[in-house]
Amino acid sequence: MISPGSTLRALREGKPLVHQITNYVVMNETANATLALGALPVMAHAREEVEEMTRIASSLVLNIGTLSEHWIEAMLLAGGAANARGIPVVLDPVGVGATTYRTTTAHRILDLVGRDRAARQCG
């Protein structure tokens, strides 16, 4: 049986890079929590670098708390790159259901990530 302690020890020894596209409100707290666990956070949200950053990351976190079209494009690009590598993707659907824009955005991200993962598992 794998214990939480051995899992945390392995995480700290591995120092994985966690690519996070998250909102301004929690960016600092999320980075500090990631560091406290022993991982290395990077908060890259520019379209020009998200795919490249995702190609070297161990996981991707998408938080839709700050939405604009350029952030959504960055999330979709990063999600596609994460799928291509088969790394874990975590979606934090902040405010889903509050507005059509948030709900539609969450569905777009889920459709991309879910569709690509399902195709890879079946093919």
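Is Glu73 buried, exposed or partly exposed? Glu73 is partly exposed, with a relative accessible area of 33%. The legends below describe close-up views of a predicted model.

**View 1. Helix 3 packs against helix 4 with a crossing of roughly 25°.** Helix 3 covers residues 47-56, and helix 4 covers residues 69-85. Their axes come within 8 Å. Helix 3 is therefore roughly parallel to helix 4, since angles under 35 degrees count as such. The crossing is right-handed. Helix 3 contributes Arg47, Val50, Glu51, Thr54, Arg55 and Ile56 to the contact. From helix 4 come His70, Glu73, Ala74, Leu77, Ala78, Ala81, Ala82 and Arg85. By class, the contact residues of the two helices are seven nonpolar, two polar and five charged.

**View 2. A salt bridge joins Glu73 to Arg47.** The closest N and O atoms of this pair are 3.7 Å apart. Glu73 lies in helix 4 and Arg47 in helix 3. The two residues are 26 residues apart, so the pair links distant parts of the chain. Both partners also belong to the helix 3 and helix 4 contact of View 1. Arg47 is partly exposed, at a relative accessible area of 35%. Glu73, at 33%, is partly exposed as well.

**View 3. Arg108 and Glu69 form a salt bridge between helix 5 and helix 4.** The N to O distance is 3.8 Å. Arg108 sits in helix 5, which spans residues 100-122. Glu69 sits in helix 4. Here, too, distant parts of the chain are linked, with the partners 39 residues apart. Arg108 has 36% relative accessibility and counts as partly exposed. Glu69 counts as partly exposed at 37%. How many salt bridges does the structure hold? The structure holds two.

**View 4. Ala31 of helix 2 is buried.** Helix 2 runs over residues 27-37. Ala31 has a relative accessibility of 15%; values under 20% count as buried, so Ala31 falls in that class. Which residues does Ala31 touch, leaving aside those up to four places away in sequence? Ala31 touches Pro41 and Met43. The C-alpha atoms of Ala31 and Val42 are separated by 7.6 Å. Along the chain, Ala31 and Val42 are 11 residues apart.

Notes: Residues numbered from 1 in each chain as written. Predicted model: local features only at pLDDT ≥ 70, side-chain atom pairs only at ≥ 80, totals over all residues. Heavy atoms only, no water. Axes fitted to C-alpha atoms, helices over the stretch in contact; angles between N-to-C directions. Helix = DSSP H or I, 4+ residues; strand = E, 2+ residues; numbered from the N terminus. Parallel < 35°, antiparallel > 145°, perpendicular 65-115°, else oblique. Left-handed = near helix turned anticlockwise from the far one by under 90°. Contact = heavy atoms within 4.5 Å. Nonpolar A, V, L, I, M, F, W, Y, C, P; charged D, E, K, R; others polar. Salt bridge = Lys/Arg side-chain N within 4 Å of Asp/Glu carboxyl O. Buried < 20%, exposed > 50% of the residue type's maximum accessible area, 1.4 Å probe, protein only.
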